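The following exercises introduce a protein chain step by step. Please study the sequence and the model, attempt each task, and then read the worked solution.

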Amino acid sequence: MTINKSLAWSLAALGGMAAVLTISSVTSADSAATRVFTLTPSTHGNPEGVASDGRGGVFFVGATGDGTIYRGTLGNPGVAEFIPGATGKSAVGLKIARGRLYVAGGATGNLVVYDLASRRQVAAFATGAGGFLNDIAVTASGDVFVTDSFRPTLWHVTGAQVRAGSGTPEAISVAPEIVYQAGAFNLNGIVALGDRSLVVVQSSNGALFRIDLDRAGRQIQQVAADPVVGGDGMLLDRGRLVVVQGAPAQLTILELDRRASRATVVAHITDPTLRGPSTVARDRDRLLVVNADFATSTAPFTLSGIARPGGDGDDGDDDGGDGDD
């Protein structure tokens, strides 16, 4: 994901490398069952993030150009402006937890939090210049973790800081275990396995990593898996990891073992409505995939509501519906 043309071409090139992967199985979504949701108006830059609580039929989409937040429902093909953006803002990764919307601001280096009931900004956290805050995980205890694609750092904000509305984020180094590539998007999608365990994907090489945090520090190990090159937003759904890839445009489904030390690709989902997808969220019987389309930036921008494999049952669901990341 990105907010400028040169980085968009870089990501497109990374995604193109994914075409060389060995595909265990490919499933084309039933295009007749796919719902297309259109951002109206599509005038705030490419969409990137999407968030939902997974069950209410309501979802939110962020625009990279000025941080505008859109609101949509499963029953309406139009997705309307909800929280206005402003010059100098950007909305990349999104996450919903406890009635709050968490927004990673990409190159702005800022994490902001909105109260959805009032639409007011209730917290803000700055990480400084030079990074790219990309995707977010919020744990059951309220702690927030944000990936940085340009700096080898995982940012941590506590639930107490969110409630206070401000504070200094903790910078957790991911070096030397995760080697960052200059000029490329590195850590991107993130999901929480528990309060102190996370899985992240490195877009540039498709590697997955498990990060465990405790009072003694942190442990990072690479997950044994085929690379998901260009991997972007992620979602945990029924114990399976759903990873979005932009080119080829698809969702890659991986089965994690009990320790999340190994992952096996079990399927790819494709759909003709996908256009440079960036991330995914779950809402009821739909996987909501953002068509960021950084390669062509063709308006109007859309989301693809792909029928969720297995329907609307919640057995084994463990990520609350949010992706983005």
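**Exercise 1. A threonine and its surroundings**

Which backbone oxygen does the side chain of Thr147 reach, at 2.7 Å?

Solution. The model is predicted, so local features need pLDDT of at least 70 and side-chain atom pairs count only at pLDDT 80 or more, while totals for chains, interfaces and linings use all residues. Residues are numbered from 1 along each chain as its sequence is written, and side-chain values use heavy atoms, with hydrogens and water left out.

Step 1. The partner is the backbone oxygen of Asn188. A polar contact is a pair of N or O atoms within 3.5 Å; within protein, one must be able to donate a hydrogen and the other to accept it, and residues adjacent in sequence count only if both atoms are side-chain atoms.

Step 2. Thr147 belongs to strand β12, residues 144-148. Helices (H or I, at least four residues) and strands (E, at least two) are DSSP runs, numbered from the N terminus.

Step 3. Thr147 counts as buried because its relative accessibility is 0%. Buried means under 20% relative accessible area, exposed over 50%, and partly exposed in between, with a 1.4 Å probe and protein chains only.

Step 4. Leaving aside residues up to four places away in sequence, Thr147 touches several others, among them Phe132, Leu154, Asn188 and Val200. Contact means heavy atoms within 4.5 Å.

**Exercise 2. The strand after β12**

Determine how β12 and β13 pair, and whether β13 is enclosed or open.

Solution.

Step 1. The pairing of β12 with β13 is antiparallel and extends over four bridges. Two strands pair if DSSP finds at least two bridges between them. The two strands form a hairpin, with four residues between them.

Step 2. One bridge can be located by residue: Val146 has Trp155 as its partner in β13.

Step 3. β13 also pairs with strand β14 (residues 170-173), in the antiparallel sense and over four bridges. Here Thr153 stands opposite Ser173 in β14.

Step 4. Five of the five residues of β13 (residues 153-157) are buried, so the strand is largely enclosed by the rest of the structure. In a regular strand the side chains alternate between the two faces of the sheet. In β13 both faces are covered: Thr153, Trp155 and Val157 are buried on one side, Leu154 and His156 on the other.

**Exercise 3. An aromatic cluster**

Which rings does the cluster that contains Phe150 link?

Solution.

Step 1. Five aromatic pairs are present in the structure. Rings of Phe, Tyr and Trp (its six-membered ring) pair if their centres lie within 6.5 Å; planes under 30 degrees apart count as stacked, over 60 as edge-to-face and the rest as tilted.

Step 2. The pair of Phe150 and Phe185 is tilted, because the ring centres are 5.2 Å apart and the planes stand at 45 degrees. Phe150 lies in the loop between β12 and β13 and Phe185 in the loop between β14 and β15, so the pair ties together parts that are 35 residues apart in sequence.

Step 3. Ring pairs link Phe132, Phe150 and Phe185 into a cluster. Phe150 is partly exposed at 31% relative accessibility, whereas Phe185 is buried, with a relative accessible area of 0%.

**Exercise 4. An open sheet**

In what order do the strands of the open sheet that contains β16 follow one another?

Solution.

Step 1. The order is β15-β16-β17-β18, four strands with antiparallel pairing. The edge strands, each pairing on one side only, are β15 (187-192) and β18 (217-222).

Step 2. Strand β16 (residues 197-202) pairs with strand β17 (residues 207-214) over six bridges. Gln202 stands opposite Ala207 in β17.

**Exercise 5. A second hairpin**

How many bridges join strand β21 to β22?

Solution.

Step 1. Six bridges join β21 (residues 250-256) to β22, and the two strands run antiparallel. Ile253 stands opposite Ala267 in β22.

Step 2. The hairpin of β21 and β22 has six residues between the strands, and Ala260 takes a positive phi near 55 degrees there.

Step 3. Strand β22 (residues 263-270) is largely enclosed by the rest of the structure, because six of its eight residues are buried.

**Exercise 6. The whole chain**

Describe the protein chain by its overall totals.

Solution.

Step 1. The secondary structure comes to two helices and 25 strands.

Step 2. Of the 325 residues in the protein chain, 56% are buried.
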